[in-house]
Amino acid sequence: MNYSELVSAIQSYTENTFPDTYLADGSAVSSTTQLNTFIQQAEQRIYNSVQFPALRRNVTGFTTPNNKYLACPVDFLSVYSIAVIDAAGSYTYLLNKDVNFIREAYPQPTDTGMPKYYGLFGPSYYNNNELTFILGPTPDVLYNIEMHYFYYPESITATESGRTWLGDNFDSVLLYGSLVEAYTFMKGETDMIQ
């Protein structure tokens, strides 16, 4: 199902074209904006609920000596695995631990060595919209890192082709998710939404 087919199906099922809405300040919210919001909310709900193997990425990077923080990719949804690669090319997979565990086990920034653990730390020190990992112990040298993670793919509302993996493979899920969002917007009856 491509974007045009999805929009047409939403309008057909709901029997609503979602005409432009005018706000109290006189500004307008277009039909396209409303429909795109329904679709994007459905996509987000789907990606947060199900971890599709097709939506995994692999990135490589490196640690900074004496810096226990590691940046997350911009399109990061959730981590699958993180490995440290030593000079000999051997992979050591890090264990996911809570930040409290890492802080308790390695309380001083001078507790250095090859990392054994990682935790999702929270917003970056420099950018509140960007997540970071905390490593324990603090890397003593530059280590290569390989991360496998689930990501947020581009929305069907933003692709040039109007096609996405979700729309091509799970079109009914995308349609029904979008219908739930549209029907909620229309203030539909709760029993019908369920």
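Okay, let me start with a term: two rings of Phe, Tyr or Trp count as an aromatic pair if their centres lie within 6.5 Å. With that in hand, here's the structure, and please keep in mind that this is a predicted model.

So, how many aromatic pairs does the structure hold? The count is 14. Let me pick out one of them. Phe 18 and Phe 38 pair up edge-to-face, with 5.1 Å from centre to centre and 65° between the planes. If you wonder why I quote two numbers, a pair of aromatic rings is described by the distance of the centres and the angle of the planes. What I like here is where the two partners sit. Phe 18 is in the loop between α1 and β1, Phe 38 is in helix α2, and 20 residues separate them, so the pair links distant parts of the chain. Are they buried or exposed? Buried, both Phe 18 and Phe 38. For Phe 18 the relative accessible area is 2%, and the cut-off for buried is under 20%, so Phe 18 qualifies.

There's also an aromatic cluster, made of Phe 76, Tyr 118, Phe 133 and Tyr 149. Hang on to Tyr 118 and Phe 133, they'll come back when we reach the sheets.

While we're on rings, two of them have a charge sitting over them. Arg 57 lies over the face of Tyr 151, 3.8 Å from the ring centre. And Lys 97 has its charged end over the ring of Phe 101, at 4.9 Å from the centre.

Now back to that loop between α1 and β1, and a bit of backbone. Most residues other than glycine have a negative phi, and most peptide bonds are trans. Phe 18 goes the other way: its phi is positive, near 50°. In that loop we also find Glu 15, with a positive phi of about 50° although it isn't a glycine. Buried or exposed, what is Glu 15? Glu 15 has a relative accessible area of 74%, so it counts as exposed, the cut-off being over 50%. Phe 18, remember, is buried.

And the peptide bonds? The one from Gly 136 to Pro 137 is cis, with omega near -5°. You'll find Pro 137 in the loop between β10 and β11.

Next up, helix α5. It runs over residues 171-185, which makes 15 residues, and it spans 21 Å from first to last C-alpha, close to the 21 Å expected. Which of its residues are buried? Those are Leu 174, Leu 175, Gly 177, Ser 178, Leu 179, Glu 181 and Ala 182. When you look at that list, it helps to know that an α-helix has 3.6 residues a turn, so residues three or four places apart point the same way. As for what covers these buried residues, the cover includes α1, α2 and α4.

One name there is worth a stop: Glu 181, with its charged side chain aside, is in the α5 list of buried residues. Its relative accessibility is 10%, so it counts as buried. What does Glu 181 touch, leaving aside its neighbours within four places in sequence? Phe 38, Gln 41, Ala 42 and Arg 45. So we meet Phe 38 again, the ring partner of Phe 18. Just past the helix, α5 is followed by Lys 187, which has a positive phi near 60°.

Last part, the sheets. One is an open sheet of 4 strands in the order β3-β12-β5-β6, with antiparallel pairing. β3 and β6 stand at the edges with a single partner strand each, so one side of each has no neighbour in the sheet. On average, neighbouring strands here are turned by 30° against each other, direction ignored. β3 and β12 pair over 7 bridges, and Thr 60 stands opposite Glu 146 in β12.

The other open sheet I want to show has 4 strands too, in the order β4-β10-β9-β7, with mixed pairing. Its edge strands are β4 and β7, each pairing on one side only. Where does the mix show? β7 and β9 run parallel, joined by 2 bridges, while β9 and β10 run antiparallel, joined by 6. Between β7 and β9, Leu 95 has Tyr 117 as its bridge partner, and Asn 96 stands opposite Tyr 118. In β10, Phe 133 is the bridge partner of Leu 120. And there are our two cluster members, Tyr 118 and Phe 133.

That's it from me, thanks!

Key:
Residues are numbered from 1 along each chain as its sequence is written. This is a predicted model: local features need pLDDT of at least 70, side-chain atom pairs count only at pLDDT 80 or more; totals for chains, interfaces and linings use all residues. Side-chain values use heavy atoms; hydrogens and water are left out. The expected span of a helix is 1.5 Å times one less than its number of residues. Buried means under 20% relative accessible area, exposed over 50%, partly exposed in between (1.4 Å probe, protein chains only). Contact means heavy atoms within 4.5 Å. Two strands pair if DSSP finds at least two bridges between them. Axes are lines fitted to C-alpha atoms, for helices over the stretch in contact, and angles run from 0 to 180 degrees between N-to-C directions. Rings of Phe, Tyr and Trp (its six-membered ring) pair if their centres lie within 6.5 Å; planes under 30 degrees apart count as stacked, over 60 as edge-to-face and the rest as tilted. A charge sits over a ring if NZ of Lys or CZ of Arg is within 6 Å of the ring centre and within 35 degrees of the ring normal.
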